[in-house]
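Reader: Could you take me through one part of this model up close? I'd like one helix and what comes right after it.

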Amino acid sequence: MGYFSELDLTRKTEYVDRSYHGFEEQLLWRYEDLKNRYQALLNSDAPTSGDDYFSKDDYRYAPVDYFTTLSDVYRAMEIAQEDLETKCDITVRED
């Protein structure tokens with residue numbers, strides 16, 4: 001006995017696969033998370049700078065909670081903005 005899907009392959013444009021989020025969407029989410037982290041640190045009187053040293057890839061890929069100073073979060077935001085502009089052709093404007 002076989003499996004028969006109700007998916008009609010002749011109308012596959014109606015069935016968009018939304019199981020994997022695109023690179024742009026993930027990068028926009030990261031940027032929003034970094035903004036929220038920056039606000040949280042700003043409201044909690046976190047240190048402006050510290051002794052932590054992160055590489056560019058650390059700023060790009062490390063979880064947002066790893067950043068404990070405002071300068072670290074701000075640098076990660078700059079790199080995310082740069083990636084959005086160069087890799088995704090999305091300009092982020094802060095009003």
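**A close look at α1**

Author: Let's start just past the helix: Asp45 is exposed, with a relative accessible area of 70%. Keep in mind that this is a predicted model. Asp45 sits in the loop between α1 (23–43) and α2 (56–61), so it follows α1, and its phi is positive, near 55°. That's worth a glance, since Asp45 isn't a glycine. Most residues other than glycine have a negative phi.

Now back up into the helix itself. α1 has 21 residues, which at 1.5 Å a residue should span 30 Å, and its end C-alpha atoms are indeed 30 Å apart, so the two agree.

Next, the side chains. Leu27, Arg30, Tyr31, Leu34 and Leu41 of α1 are buried. They cover an arc of only 100° around the axis, so they lie on the same side of α1. The general geometry helps here: an α-helix has 3.6 residues a turn, so residues three or four places apart point the same way. And what does that buried set of α1 pack against? The partners are α2 and α3.

For a companion to Asp45, look at the segment after α3 (70–87), where you'll find Asp89. Asp89 has a positive phi too, of about 60°, and isn't a glycine either. Asp89 is also exposed, with a relative accessible area of 70%.

Key
Residues numbered from 1 in each chain as written. Predicted model: local features only at pLDDT ≥ 70, side-chain atom pairs only at ≥ 80, totals over all residues. Heavy atoms only, no water. Helix = DSSP H or I, 4+ residues; strand = E, 2+ residues; numbered from the N terminus. Buried < 20%, exposed > 50% of the residue type's maximum accessible area, 1.4 Å probe, protein only. Expected span 1.5 Å × (residues − 1). Arc of directions from axis to C-beta. Contact = heavy atoms within 4.5 Å.
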